[in-house]
Amino acid sequence: MSTRIAFLKGHGTENDFVILPDPENAIDLPPAVVAALCDRRAGIGGDGLLHVVRSAAHPEARRMAAEAEWFMDYRNGDGSVAEMCGNGVRVFAHYLQRAGHVAEGDITVATRGGVKRVHVAKNGDVTVGMGKALLPEQEVTVSVGGRSWPARNVNMGNPHAVAFVDDLAHAGDLYTPPPFTPASVYPDGVNVEFVVDRGPRHVALRVHERGSGETRSCGTGACAVAVAAARRDDADPTVTGTPVSYTVDVPGGRLVITEGPDGEIEMTGPAVIVAEGEIDADWLDHARR
């Protein structure tokens with residue numbers, strides 16, 4: 001390679017990402033390269049990578065190009081492909097606005113979890129229409145150490161197991177995926193949220209994200225937690241006909257999740273770009289080997 005590649009670094013409630021602008025989908029990103037970029041000691045460092053591509057230029061997104069010009073080709077920190085990342089969508093939209101690709105206000109972003117409708121506010125907050133949750137009926141149990149809890153199976157375009165616990169410390173170190181049973185429920189792994197109550201319609205969580213370990217925040221996880229909490233609290237808006245909002249504290253900040261009577265979920269929170277620079281061509285060539 002003879003050219004350098006631009007990158008940015010951003011975060012949403014401290015869920016941090018390497019941002020790689022590549023409108024024409026010209027950069028080869030095998031898993032080893034993504035993992036090297038996300039390595040916190042030998043690379044730039046991040047929970048994941050936001051590959052910014054025009055939908056028309058990416059084979060997985062061309063069918064969505066008429067609805068959304070830009071595709072968030074999201075990768076986990078280990079290089080694996082993921083369907084969606086809620087905090088990532090906020091940072092992705094903030095980048096698009098900062099780069100002049102879109103204006104403040106309402107925009108659309110294509111993801112593997114479908115087209116997401118996003119509102120970029122002047123105060124820096126970003127609201128993402130996260131779609132509807134699916135609630136598979138399978139019973140799930142998650143375990144840490146000698147403790148086990150029943151978990152609510154929630155799918156937000158990616159799979160989640162939500163367990164309500166007495167103390168967030170019971171989640172352990174979350175370096176490795178918490179065991180779950182039956183294994184057949186999540187054949188491709190799962191994001192596991194451990195949740196405690198902080199007050200009325202107010203919860204806090206810790207999360208193990210598949211492919212990344214414990215992260216400071218998980219947007220789809222916060223949505224899954226709010227959905228599970230509403231069902232537990234007999235506040236299911238699809239039953240009551242009344243919207244319900246939960247404040248969800250994550251280690252890296254705070255998100256507000258609102259579910260409407262139609263089941264549509266919105267997530268509101270901050271998005272920050274902290275740096276930009278260039279990736280050294282020799283380093284990148286070495287990472288490809």
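The following exchange asks why certain features of this predicted model carry the names they do.

Biologist: Why are helix H1 and helix H5 called oblique?

Modeller: Helix H1 (residues 31–38) and helix H5 (residues 281–288) pack at an angle of about 130 degrees. Angles over 145 count as roughly antiparallel and 65 to 115 as roughly perpendicular, with the rest, apart from those under 35, as oblique. The angle of about 130 degrees falls in that remainder, so H1 is oblique to H5.

Biologist: What is the distance between the axes of H1 and H5, and which hand does the crossing have?

Modeller: The axes are 8 Å apart, and H1 passes H5 in a right-handed crossing.

Biologist: What makes strand E8 and strand E9 a pair?

Modeller: Two strands pair if there are at least two bridges between them. E8 (residues 140–144) and E9 (residues 147–155) have 5 bridges, in the antiparallel sense, so they meet that cut-off. In this pairing Val140 stands opposite Ala151 in E9. The hairpin of E8 and E9 has 2 residues between the strands, and there Gly145 takes a positive phi near 60 degrees.

Biologist: How do you know that E9 also pairs with strand E10?

Modeller: By the same reasoning: 4 bridges join E9 to E10 (residues 159–164), and the cut-off is at least two, so these strands pair. They run antiparallel, and Asn155 has Pro159 in E10 as its bridge partner. E9 and E10 form a hairpin with 3 residues between them, where Gly157 in the turn has a positive phi of about 95 degrees.

Biologist: Which residue other than glycine has a positive phi, and where is it found?

Modeller: Leu174 has a phi near 60 degrees, a positive value in a residue other than glycine. Leu174 lies in the loop between E10 and E11.

Biologist: What is the omega of the peptide bond from Thr181 to Pro182?

Modeller: Omega is near -5 degrees, and the bond is cis. Pro182 belongs to the loop between strand E11 (180–181) and strand E12 (191–199).

Biologist: What makes up the lining of the largest pocket?

Modeller: The pocket holds about 180 Å³ of space and is lined by 15 residues, with Arg117, Gly129, Met130, Gly131 and Glu264 nearest its centre. Strand E6 (114–120), strand E7 (125–132) and strand E17 (264–270) each give two or more residues to this lining. The largest share, 6 residues, comes from E6.

Biologist: How does that lining divide by class, and why do its glycines count as polar?

Modeller: The lining has 5 nonpolar, 6 polar and 4 charged residues. Gly is placed among the polar residues by definition, so Gly129 and Gly131 count there.

Biologist: How many cavities of 30 Å³ or more does the structure hold?

Modeller: There are 2. The largest cavity contains about 70 Å³ of space, and the second largest has a volume of about 40 Å³.

Biologist: Which residues line the second largest cavity, and why is Tyr246 counted as nonpolar?

Modeller: The lining consists of Ala226, Val227, Ala230, Val244, Tyr246, Ile257, Thr258, Glu259 and Ile265. Helix H3 (219–232), strand E15 (244–250) and strand E16 (253–259) give two or more residues to it. Tyr is on the nonpolar list, so Tyr246 is counted with that class. The lining divides into 7 nonpolar, 1 polar and 1 charged.

Biologist: How does the lining of the largest cavity divide by class?

Modeller: That lining has 4 nonpolar, 4 polar and 3 charged residues. Among the lining residues are Glu83, Glu209 and Arg210; Glu and Arg count as charged, so these residues belong to the charged class.

Notes. Residues are numbered from 1 along each chain as its sequence is written. This is a predicted model: local features need pLDDT of at least 70, side-chain atom pairs count only at pLDDT 80 or more; totals for chains, interfaces and linings use all residues. Side-chain values use heavy atoms; hydrogens and water are left out. On a 1 Å grid over the protein atoms alone, a cavity is a set of points where a 1.4 Å probe fits but cannot get out, and a pocket is an open set with protein on both sides within 12 Å along at least five of seven lines; lining residues have an atom within 4 Å of a point. Grid points are joined across faces, edges and corners, and a volume is the space filled by probe spheres set on the points. Axes are lines fitted to C-alpha atoms, for helices over the stretch in contact, and angles run from 0 to 180 degrees between N-to-C directions. A crossing is left-handed if the near helix is turned anticlockwise from the far one by less than a right angle, and right-handed if clockwise.
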